[in-house]
Amino acid sequence: MKLLEKVTLGKQTLQNALAMAPMTRSRADIEGVISDITTLYYTQRASAGLLITEGINISEQALGSPYTPGIYTNDQIEAWKKVTKSVHENGGVIYAQLWHTGRVGHSVDRNGKLPVAPSAVAIKGQQHFTAEGMKDYEVPHELTTEEIMQIVKDYGTAAKNAIEAGFDGVELHAAFGYLPNQFLSESANLRTDEYGGSVENRNRFVLEVMKELVDAAGSDKVGIKLSPTIYYNNIENSDPEAQFKPLIESLNELPLAYVHLMNAMFPLDNHPHYPTDIMGTFGSVSKHLVIANAGYDKASGEAELEKGIAKMISYGSLFLANPDLAKRFELDAEFNQADQATMYGGGAHGYTDYPFLND
């Protein structure tokens, strides 16, 4: 079974082709510092070939939701050191997903400061989870050129902090409508300067950040997550292929560890021009290792690997509920079911108490 075969990622050999996808769990404290149960959570899942953490805020400005972790203070970095040490002691490999939420946030959780974005365009038709309950999105502050340059530097600092904390590498969260994805989108990015208005200009921010991350973390230690056909959070492109293929071709010029691609997670009935074969359309452009994400089970994951484009499959809720997922695949065992009620926030219940096969 290809899912259980070893894979070379950058300079490392992974024990199998399973990755744990990043999943927001909202169990940090209000200062963005994780606790020992987060160390246990990741350690329990160290049998994955690759662990990719939940999104980690790169700066105070990056914060979008309460109780999400950061990596910009000493206390935050020290807490992550416990995670990486324990995962490594248990044979695992772990990357930190670096997160800037952009306009997907609310001033309630940002000390009264508005979220930031490429353009002053609010998300419509959705609400945001805040410490005061669900709220409509606000019109974000449009970033100045100087502020954009500072965010690029913040990503580099966060990558250095992640390496200091013991992570094996970092992943840029450029998917699902967060800040880098906003720059890539014609609906969220209405700029007329060098960061908007053309495919090349909309790709510019992501490429600048990726170069900064490589400079900070090193060659073969940086990945990126993209969602070319996900329109959640009001992300639209008239031609995803025209936007993302040149981006991936430019990424080919950088010494990356992987490109992590999300399938469409929502119906495309209103987007008939969007490609449906994400790995075939976009993954085939990448010269880097491709990780396929979203909607896979054991059979469909194996089938995706057999096609030869993706070399790894990342699993979200299956890994959340089954810390020994690789063993369950190997034995064709039953799966625990994820409890949606304990997905975000809370303590150990629904976090570190999912049973192993031998429990």
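**Charged pairs and nonpolar cores**

Both E89 and K85 are exposed, and their side chains form a salt bridge whose closest N and O atoms are 2.6 Å apart. This is a predicted model, and that pair makes a handy way into it. A search of the whole structure finds 12 salt bridges, while the largest nonpolar core has 97 residues. Below is a quick tour of both topics.

**Salt bridges within a helix**

- E89 and K85 both sit in helix α2, four residues apart, which is about one turn of the helix.
- Helix α10, residues 325-331, holds both E330 and K327, three residues apart and again about one turn of the helix.
- E330 and K327 form a salt bridge, with 3.4 Å between the closest N and O atoms.
- E330 counts as partly exposed because its relative accessibility is 47%, a value that falls between the 20% and 50% limits.
- K327 is also partly exposed, with a relative accessible area of 39%.
- Elsewhere, E78, K81 and E164 are joined into one network by salt bridges that share partners.

**A salt bridge between helices**

- D36 pairs with K82 in a salt bridge, the closest N and O atoms lying 3.8 Å apart.
- D36 belongs to helix α1 (residues 36-44) and K82 to helix α2 (residues 74-89), so this salt bridge ties together parts that are 46 residues apart in sequence.
- D36 has a relative accessibility of 53% and therefore counts as exposed.
- K82, in contrast, is partly exposed, its relative accessible area being 48%.
- As background, side chains of opposite charge can pair when their charged atoms come close.

**Nonpolar cores**

- Within the largest nonpolar core, of 97 residues, the residues with the most contacts are L50, I71, L98, F205, M210, L226 and Y315.
- Helix α5, residues 199-217, gives the most to this core, contributing nine residues.
- If you would like one residue to start from, try L50: leaving aside residues up to four places away in sequence, L50 touches L9, L14, L18, A19, M20, V93, Y95, Y258, I291 and M312.
- Another core, of five residues, lies apart from the largest one, and its members include W99, V104, I123 and Y137.
- More generally, nonpolar side chains tend to be buried together in soluble globular proteins.

Key: Residues are numbered from 1 along each chain as its sequence is written. This is a predicted model: local features need pLDDT of at least 70, side-chain atom pairs count only at pLDDT 80 or more; totals for chains, interfaces and linings use all residues. Side-chain values use heavy atoms; hydrogens and water are left out. A nonpolar core is a set of buried Ala, Val, Leu, Ile, Met, Phe, Trp, Tyr and Cys residues joined through side-chain atoms within 4.5 Å. Buried means under 20% relative accessible area, exposed over 50%, partly exposed in between (1.4 Å probe, protein chains only). Helices (H or I, at least four residues) and strands (E, at least two) are DSSP runs, numbered from the N terminus. Contact means heavy atoms within 4.5 Å. A salt bridge is a side-chain nitrogen of Lys or Arg within 4 Å of a carboxyl oxygen of Asp or Glu.
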